[in-house]
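Dear colleague,

I am handing over the structure we spoke about, and below it I set out what was found there. Please read the notes with the coordinates open beside them.

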Amino acid sequence: MTDPKVHEARGHADLILRGGTVLTMDDDARRAEGVAITAGRIVAVGDSAELELWCGPTTRVIELSGRAVLPGINDSHLHGSWLGARWPHTFFGAADPEAAAQVSGTLVSSTAERRAAIQRAGKLLTELGITSYTEPGLGPGEDSGETGSFHSEVIEIYRELAAAGELSQRITVLALHGILDGPSDVATVVAGIQNHAALAGESDPAWLAIPGVKIFGDLIPLSRQAWTHHSYDDGTHGDLLVEGATIAEKAEGLAQMLRAAHLAGLQVGIHATGDRTVELALEAFAAAAALPGAPSVRELGHVIIHGDLATPAQVARMAEMGIWLNTQSGIAAYAGEWLTGMLGPEVATSAWPLGAALAAGVLVLSSDAPVLDFDWRRGIAAAEARIVATGGSVAPEDMRARLEQLLRAYTSLPAAQDRAADWKGTVTAGKVADLVVLARDPFEVGAAGLPDVAVDLTVLDGHVVFER
Ligand SMILES: [Zn+2]
């Protein structure tokens with residue numbers, strides 16, 4: 001894959017990893033034996049003979065000895081500053097749920113505390129091979145929020161760390177103009193959207209991108225607040241997280257915020273768990289995109305976040321429109337039984353349509369840490385378990401194909417969600433050198449065995465930033 005003449009012009013590599021299995025995660029699922037890196041970029045992906053051409057006196061060579069290389073992991077919905085302030089306390093699956101519950105009130109309030117939380121999260125994530133993440137909701141809506149973790153100042157700290165070259169991951173931020181877990185005021189959110197450029201400011205998009213906004217549609221099924229066509233055990237249908245006297249008024253307010261963001265050219269990550277909320281979002285985006293001069297949905301790449309009760313028809317429509325379903329398989333694993341109690345077994349079985357979304361090419365997986373822990377290996381194992389439990393094929397060739405897709409849902413597809421697929425997310429010459437080395441090839445152990453495969457090494461922008 002390397003043209004020797006290009007090599008002549010560029011000289012020797014800074015770093016070579018060779019003698020293993022490179023899972024490129026590109027569209028053709030190509031594999032190679034190693035990778036060469038110069039000045040933070042991948043310059044060659046190929047066999048030993050090709051890599052030898054890049055070897056020089058100052059090249060650091062890492063012998064993989066059969067280990068696997070993947071693109072750096074991209075956790076596309078992860079609250080970094082909140083995680084850094086709360087860890088090891090998560091909401092689901094905490095080792096000690098009681099201790100986790102006690103972590104409440106203000107977690108961070110000074111600049112130094114917020115910076116320390118980001119840096120702490122950055123180190124934890126590096127140790128698991130995570131080289132990019134999306135902070136889904138930071139901004140003025142939470143400037144007087146309880147935890148202090150979603151304050152606008154967090155954006156400024158990310159900007160300073162990016163400018164100083166001190167970030168441990170590449171960061172995407174969705175700006176938050178409403179409040180977390182409470183009803184949004186439509187006028188405030190629309191005003192914030194129109195003022196996006198001022199909040200987003202200037203930064204190197206390779207390290208900090210602020211392409212759009214987080215908007216809350218509804219809450220979660222477990223509190224009977226996902227807006228749905230189904231009936232909860234108490235006969236209700238959920239609610240929207242928007243100011244308004246009636247559900248119709250709330251629905252119009254939500255549609256108005258979504259249209260405003262779309263017409264401002266912003267990417268929207270909408271927290272939508274109920275099928276009616278998902279439906280409303282798809283319709284609002286389609287209506288906005290149909291206006292003269294408006295950007296297409298596909299170019300903005302909106303994201304349905306969670307999508308617990310999304311239907312197969314909605315998933316198909318997302319694929320047609322170019323909308324991502326960003327969800328957390330671990331939540332399905334922990335909340336499935338409760339959902340049965342709230343909405344009955346039929347709804348619980350069809351919830352979290354991971355198999356359909358994977359097949360449609362719209363599934364992007366994430367941890368929502370600190371809601372769950374940020375172990376992407378467990379995220380993949382939980383997704384596979386859910387798909388199999390809800391009727392997915394267990395034929396070995398289907399399980400292999402699915403593992404490839406599940407790995408893509410943590411690498412190349414979140415890069416596409418970041419609208420950065422042209423420069424990150426696969427192991428491809430020309431892209432940034434963000435890589436993770438695993439102790440074993442995931443295909444030797446399958447999705448269920450992945451949580452036991454150690455992360456050996458993390459490369460960020462061509463630098464080895466973690467070695468086990
Ligand atoms: Zn979240």
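How many nonpolar, polar and charged residues does the lining of the largest pocket have, by class? Before the answer, please keep in mind that this is a predicted model. The lining divides into 20 nonpolar, 11 polar and 7 charged residues.

**The two pockets**

The largest pocket holds about 840 Å³ of space, and 38 residues line it, with Trp 82, Phe 91, Asp 181, Asp 368 and Val 371 lying nearest its centre. Two or more lining residues come from each of helix H3 (80–86), helix H4 (97–101), strand E11 (208–216) and helix H13 (329–343). Of the elements, H4 gives the most to this lining, with 3 residues.

The second largest pocket holds about 200 Å³ of space, and it is lined by 19 residues, of which Gly 330, Tyr 334, Leu 372, Arg 378 and Gly 379 are the closest to its centre. Here the elements that supply two or more residues are H13 and helix H16 (376–389), and H13 is also among the elements that do so for the largest pocket. Sorted by class, the lining of the second largest pocket comprises 8 nonpolar, 8 polar and 3 charged residues.

**The sheet of four strands**

One open sheet is formed by 4 strands in the order E5-E4-E1-E6, and its pairing is mixed. Its edges are strand E5 (41–46) and strand E6 (60–63), each of which pairs on one side only, and from one strand to the next the twist averages 15°.

The mixed character can be followed strand by strand. Strand E1 (residues 15–18) runs parallel to E6, to which it is joined by 4 bridges, whereas E1 and E4 run antiparallel and are joined by 3 bridges. Ile 16 serves as a convenient landmark, since its bridge partner in E6 is Val 61, while in E4 it stands opposite Ala 36.

On the other side of E4, 5 bridges join E4 to E5, and these two strands run antiparallel, with Val 35 standing opposite Val 45 in E5. E4 and E5 form a hairpin with 2 residues between them, and in the turn Ala 39 has a positive phi of about 50°.

Why can strand E4 (residues 34–38) be called largely enclosed by the rest of the structure? The reason is that 5 of its 5 residues are buried, where buried stands for a relative accessible area under 20%. Gly 34, Ala 36 and Thr 38 point one way from E4, Val 35 and Ile 37 point the other way, and all are buried.

**The sheet of eight strands**

A further open sheet has 8 strands in the order E8-E9-E10-E11-E12-E13-E14-E15, with parallel pairing. Strand E8 (73–75) and strand E15 (363–365) are its edge strands, and each pairs on one side only. Neighbouring strands of this sheet are turned against each other by 25° on average, direction ignored. Within the sheet, strand E12 (residues 267–272) and strand E13 (residues 303–306) pair in the parallel sense over 4 bridges, and Ile 305 in E13 is the bridge partner of His 271. Strand E11, which is part of this sheet's order, is also one of the elements that give two or more residues to the lining of the largest pocket.

**Two single residues**

Lys 250 lies in helix H9 (residues 247–263). Is Lys 250 buried or exposed? Its relative accessible area is 13%, and because the limit for a buried residue is under 20%, Lys 250 counts as buried. Leaving aside neighbours within four places in sequence, Lys 250 is in contact with Asp 239, Leu 240, Val 242, Glu 243 and Gly 244.

Ser 393 is found in the loop between H16 and helix H17 (396–408), and at 29% relative accessibility Ser 393 counts as partly exposed, a class that lies between 20% and 50%. Not counting residues up to four places away in sequence, Ser 393 touches Asp 398, Met 399 and Arg 402. The C-alpha atoms of Ser 393 and Val 436, which are 43 residues apart along the chain, are separated by 29 Å.

With kind regards

Methods
Residues are numbered from 1 along each chain as its sequence is written. This is a predicted model: local features need pLDDT of at least 70, side-chain atom pairs count only at pLDDT 80 or more; totals for chains, interfaces and linings use all residues. Side-chain values use heavy atoms; hydrogens and water are left out. On a 1 Å grid over the protein atoms alone, a cavity is a set of points where a 1.4 Å probe fits but cannot get out, and a pocket is an open set with protein on both sides within 12 Å along at least five of seven lines; lining residues have an atom within 4 Å of a point. Grid points are joined across faces, edges and corners, and a volume is the space filled by probe spheres set on the points. Ala, Val, Leu, Ile, Met, Phe, Trp, Tyr, Cys and Pro count as nonpolar, Asp, Glu, Lys and Arg as charged, and the others, Gly among them, as polar. Buried means under 20% relative accessible area, exposed over 50%, partly exposed in between (1.4 Å probe, protein chains only). Contact means heavy atoms within 4.5 Å. Two strands pair if DSSP finds at least two bridges between them. Axes are lines fitted to C-alpha atoms, for helices over the stretch in contact, and angles run from 0 to 180 degrees between N-to-C directions.
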